[in-house]
Amino acid sequence: MKTMLKTTAAALALTVGATAAAAEEKVVLYHWFEYMPQELLDKFTAETGIKVTMDTFDSNEAMLASLKAGAIGTYDLSVPGDYMVAILKNQGMLDTIADGELKNKANISDQWLDVDFDPGRMHSIPYQWGSTSFSVNRDDYQGDIQSTDILFNPPEELKGRINVLDSQADVLAMASLHLGIPQCTNDREQLKALNALVQGAKENWTSFNSDTAKEVLVSGDVSAGMIWNGFSAKARAEGANVEYAYPEQGMLVWMDNIVLLKDAPNRENALKFLDFMLEPENVAALTNWTQYSAGVDGVSDHLDEALRTSPENNPPAGVSTAFIQVCDEQTQAVYDTIWTNLKK
Amino acid sequence: MAAGAASGGSATTDTYKEARNWLLLPSWAVLGIFVLAPVCMMLVYSFLTKEFRGGVIWEPSLAAYDQFFFDRGLFGDEPAKIEWTYITIFWRSIWQAGAATLLSLVIGFPTAYFIATRPERVRPFWVFLITIPYWVNLLIRTVSMKFLLRDQGPLNDFLIGTGLIDSPIHIVNTNFAVQLGLFYSYLPFMVLPIYAAVERYNFSLSEAAADLYAPKWVTLRRIVLPAIKPGVIAGCILVFVPSMGSFLAPDLLGGAKNFMIGSLIEEQFKGNAGNWPFGAAASMILLTMVLIILLIFARQQSKAENGGS
């Protein structure tokens, strides 16, 4: 909901900005909701004189749809998640960053340089990374929470008090971890089991909310909810007695990345912004605000102590992790049917 | 120029007609650009082939309509059966919108009647009061509704405080919450047309009925209601139609657990499905249904008018 407000405001700002300051230097960013502190944008403007215009989206798929519907060419930069970088690249929507165009490229951590979704970082730089699991309100439930049973086979206390993310990719990937089957499997029996699992679990879920995933935990509307680690840390900071789970079946990890879009109207300024977002100090400010983790070296010195030691950012050893995978067309069609069946 | 000729007394019927056509041009342009063109685009898209992850391939296809009406199992290779999924979703939307319309009518009718029977001087003030909440964005109103209704919200606090209930009533994330949200979103669309109709109603007819010993209930049913029926029908249509396509209330108040038509269509464009032709086809089917409902209303109304005169 905040999302929509922000989108509207941003759209307004975009129109006003476009007419009033045609000559002014600017960069246009298409970004997630609630994912960029205004102070950082102000700092960029103060350092470079380039104004940042930001429009927001609430899911990777919504962004893709909007770019496909003709928004490509109006934005310079966007912030897709890992698998969406691969999709955008396959769709030919990304511009290539040539060698030497980014002076701070060396700051990218080795771990995040040669990633599957963008080998050699030809189109993107790391933004933030984190994990997707679930959190449980410890006032409401004291038992063991380190299992995906909490979502798919919940104890009596949690039945009907669970929120899941309103995202097909996250829910079905998590369900695959629960079943111990590969993501995007094309095995019929496994797909049937996946369908049956989510169908059966739904009666224990009270809502599918992504943008209010934190809020419903803080307000006590639900006792457990699928959530991103940074959002869970924020929920705890806002006074909810929630614990972020590291399920034995594994959890999802993701990385959001800033990409240079094809036909960027302000390409030079966009490159300056990318360099700005590779400065450890700036990335640290961002990380302190989002409560996730950075993909850039030299950040940890600038991090808040609380964040460095937070339980949400320090998984116990041995937790297995998986990125969400991009399904082929055939499996995706089955996934779509499962999702529609689930919500019919 | 043409308009000037028409108003100069010597104009023939032909120049008058020509002037009228020219003057109507802006309206036709607006209708053409903002109504006809998008609908045609939708119609064309619904008969195209879907492109993986959104977009269309320019090859004619009936796949979207096939998907809507036939169920071929999880893997799409079983013999076709009738698809109940989308019928269920459409039926749910009709039912929810119908309930919201009924609720609006039950609350809206007395409200409109009350306003229309106040002294003429203060009526604008009452109408003004009705519209105040609607200066606020629909999204904010819907979210506020959720805050009011939630388990720890003021409504439940109040009910528990007065001792009427012991534990909170779960309203948020139920169908009832969606109906309540739709009702609240579109209430003025019910009140205002009914108000306009009641205001035009000649109350001396009620007095005459009373003079002829008609009980109040009979007067309402046989004199007042037929006279203001167009207002009531207009109100019902204005609430029902946008409720059918709504996705804010189902998402925010219903917990997005079950698709309504609006959210189903949204998912085809913004969600993982990325199936534009199917989204267009579902929109066309929705549009057709609404048109049929409107035509039925319109025919009934014209029948009633012809019978009356």
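Chain B of this predicted model is built from 13 helices and four strands. Its C-alpha trace extends over about 75 × 70 × 35 Å along the principal axes, and its radius of gyration is 25 Å, where a compact globule of 309 residues would have a value near 19 Å. Buried residues account for 30% of the 309 residues in chain B. Among the contacts in chain B with a separation of 6 or more, 63% join residues that are 24 or more positions apart.

Before going into detail, it helps to know how confident the predictor is. The model as a whole scores ipTM 0.82 and pTM 0.83, while chain B has a mean pLDDT of 88, with 95% of its residues reaching 70 or more. Residues 1–9 of chain B need separate treatment, since their pLDDT stays under 50, and the model gives this stretch 12 contacts beyond four places in sequence. Where pLDDT is low, the predicted coordinates should not be read in detail.

The next step is the contact between the two chains, to which chain B contributes 29 residues and chain A contributes 34 residues. On the side of chain B that touches chain A, at least two residues come from each of α4 (85–116), α6 (138–149) and α12 (261–270) of chain B. The largest share of that side is supplied by α4(B), with three residues. Sorted by class, the side of chain B that touches chain A holds 12 nonpolar, 12 polar and five charged residues.

One of these helices, α12(B), can be looked at residue by residue. Its buried residues are B:I261, B:G262, B:S263, B:L264, B:I265, B:E267, B:Q268, B:F269 and B:K270, a list in which B:E267 and B:K270 stand beside B:I261 and B:F269. Because nine of the 10 residues of α12(B) are buried, this helix is largely enclosed by the rest of the structure.

Turning to chain A, the chain is divided into domain 1 (2–128 + 255–309) and domain 2 (130–253 + 315–342). The centres of domain 1 of chain A and domain 2 of chain A, taken over C-alpha atoms, are separated by 27 Å. Where these domains meet, the contact takes 14 residues from domain 1 of chain A and 12 residues from domain 2 of chain A. On the side of domain 1 of chain A that touches domain 2 of chain A, the elements giving two or more residues are α1 (2–20) and α4 (82–90) of chain A, and α4(A) gives the most, with four residues. By class, this side of domain 1 of chain A comprises five nonpolar, six polar and three charged residues.

Finally, the nonpolar interior brings the two chains into one picture. The largest nonpolar core has 151 residues, of which A:L77, A:L274 and B:I194 touch the most other members. Helix α8 (residues 175–200) of chain B provides the largest share of this core, 16 residues, and at least three residues are drawn from each of domain 1 (2–128 + 255–309) and domain 2 (130–253 + 315–342) of chain A. For A:L274, leaving aside its neighbours within four places in sequence, the residues in contact are A:L102, A:I125 and A:I258.

Note on methods
Residues are numbered from 1 along each chain as its sequence is written. Chains are lettered from A and ligands numbered from 1 in the order in which they are written. This is a predicted model: local features need pLDDT of at least 70, side-chain atom pairs count only at pLDDT 80 or more; totals for chains, interfaces and linings use all residues. Two residues are in contact if their C-beta atoms, placed from the backbone, lie within 7 Å. Ala, Val, Leu, Ile, Met, Phe, Trp, Tyr, Cys and Pro count as nonpolar, Asp, Glu, Lys and Arg as charged, and the others, Gly among them, as polar. A residue is buried if 20 or more other C-beta atoms lie within 10 Å of its own, exposed if 12 or fewer, and partly exposed in between; C-beta atoms are placed from the backbone. The radius of gyration is taken over C-alpha atoms; the globule rule is 2.2 Å times the number of residues to the power 0.38. A nonpolar core is a set of buried Ala, Val, Leu, Ile, Met, Phe, Trp, Tyr and Cys residues joined through C-beta atoms within 7 Å. Domain bounds come from an automatic or database domain assignment. pLDDT is the predictor's confidence in each residue, from 0 to 100.
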